[in-house]
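Thank you for sending this model for comment. My remarks are set out as numbered points, to be read beside the sequence and the structure.

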Amino acid sequence: MTTQPKQHEVLAKAVSFLNKQNREPRVAHILLQHHLNVSRAAFYAMMRDPVPEHVLDAFINDIKKHAETGVPVQHLTGQATFYGRDFTVNEDVLIPRPETEEVVQQAITMTHECAEQNRPFTIVDVGTGSGVIAITLALELPETTVYATDISQAALTVAQKNAHQLQAHVTFLEGDFLQPIIDNDILPNLVIANPPYIPSTSVAALPDTVKHFDPACALFAGKDGLAAYRTIMAQSKDIPAPEAFIFEIGHDQGEAVQSLVRQTYPASDVTVHRDLHGKERIVTAILHKSTD
């Protein structure tokens with residue numbers, strides 16, 4: 001009779017295999033916990049327990065699939081954690097990055113600074129994808145009204161599912177960036193966007209976990225990576241000027257995006273913020289209303 005391997009043995013073997021394949025070893029922890037369907041605390045308390053055969057088979061299959069193809073662990077589990085919450089993700093949406101949590105935190109801070117008591121405050125998340133930004137803001141700032149747009153109906157289906165699961169009040173609109181906001185005469189106070197910003201010429205440099213699995217429309221934005229920002233700035237002229245913009249940017253795009261905002265809104269305070277790793281990550285703009 002064959003003895004089932006213990007959890008720590010299975011994990012050690014998988015970690016060694018992933019290291020040899022130049023893959024992240026933490027994927028083994030994530031996948032085994034997923035297939036065991038237990039909490040993080042229970043997972044680490046069960047290290048000396050045998051792993052059931054059906055769990056072991058499914059786990060090994062996913063480990064091999066990740067190692068051979070680069071399929072993201074989030075696609076294998078069907079979810080990603082963002083701002084302490086679990087979101088459904090699939091091949092129709094960009095997998096949320098930890099850096100985007102800093103963008104959300106910036107939005108929360110700016111909302112508290114801009115919003116006045118007893119005055120409605122409307123946030124628009126442009127190109128929402130899985131909805132992580134809009135849904136998180138709706139839950140963290142329940143006194144605000146949140147809209148979210150995306151040109152992809154498939155992405156909006158994922159976002160709506162996430163909003164329902166997390167009981168977040170977000171209105172989703174299909175269309176290109178700010179166009180649905182213009183068409184519906186919505187007046188946003190804050191516009192936030194994590195648009196595609198990778199130059200199309202940089203595709204070869206991306207890891208296979210990104211370029212083969214994230215939707216291209218959520219990654220690439222023309223030869224210089226700035227096409228989405230240009231479109232959003234141009235569209236914003238067709239709505240009464242918001243009070244603020246927040247953009248997630250590429251690590252070398254701070255000056256270029258700052259310049260685009262200032263060209264559209266010369267009377268604005270535009271700031272480039274660096275993330276926890278010291279890279280340019282966020283551009284914020286506070287617009288000053290004309291007194292003419």
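The points below go from the chain as a whole to its cores, a pocket and two single residues.

1. The model is a predicted one, and the comments here should be read with that in mind. The protein chain holds 12 helices and 9 strands, and 49% of its 292 residues count as buried. Among contacts between residues at least 6 apart in sequence, 65% join residues that are at least 24 apart.

2. The largest nonpolar core has 30 residues, of which Ile 123, Leu 137, Val 170, Phe 172, Ile 192 and Ile 246 touch the most other members. Two or more residues of this core come from each of the helices α6 (99-114), α7 (132-140) and α8 (153-166), and likewise from each of the strands β4 (145-150), β5 (170-174), β6 (190-193) and β7 (244-248). Apart from this core lies another, of 28 residues, which includes Phe 177, Ile 181, Ile 186 and Leu 287.

3. Val 170 deserves a separate look. Leaving aside residues up to four places away in sequence, Val 170 touches Ala 134, Ile 135, Ala 138, Val 146, Tyr 147 and Ala 148.

4. The second largest pocket encloses about 260 Å³ of space. Its lining consists of Pro 5, Glu 9, Val 10, Lys 13, Ala 14, Phe 17, Leu 56, Phe 59, Ile 60, Ile 63 and Lys 64, and the elements that give two or more residues to that lining are α1 (7-20) and α4 (53-69). By residue class, the lining divides into 8 nonpolar and 3 charged residues, with no polar ones.

5. Is Asp 275, in the loop between β8 (268-274) and β9 (280-287), buried or exposed? Asp 275 counts as buried because its relative accessible area is 7%, and buried means under 20%. A polar atom of the Asp 275 side chain lies 2.8 Å from the backbone nitrogen of His 277. Not counting residues up to four places away in sequence, Asp 275 also touches Glu 99, Glu 102 and Arg 281.

6. Ala 227 is found in helix α11, which comprises residues 227-236. With a relative accessible area of 31%, Ala 227 is classed as partly exposed, since that class takes in values between the 20% limit for buried and the 50% limit for exposed. Ala 227 and Pro 195 are 32 residues apart in sequence, while their C-alpha atoms are 9.5 Å apart in space.

Terms used
Residues numbered from 1 in each chain as written. Predicted model: local features only at pLDDT ≥ 70, side-chain atom pairs only at ≥ 80, totals over all residues. Heavy atoms only, no water. Core = buried A, V, L, I, M, F, W, Y, C linked by side-chain atoms within 4.5 Å. Buried < 20%, exposed > 50% of the residue type's maximum accessible area, 1.4 Å probe, protein only. Helix = DSSP H or I, 4+ residues; strand = E, 2+ residues; numbered from the N terminus. Contact = heavy atoms within 4.5 Å. 1 Å grid on protein atoms, 1.4 Å probe; cavity = no way out; pocket = protein on both sides within 12 Å on 5 of 7 lines; lining within 4 Å. Points joined across faces, edges and corners; volume = space filled by probe spheres on them. Nonpolar A, V, L, I, M, F, W, Y, C, P; charged D, E, K, R; others polar. Polar contact = N/O pair within 3.5 Å; in protein donor to acceptor, adjacent residues only side chain to side chain.
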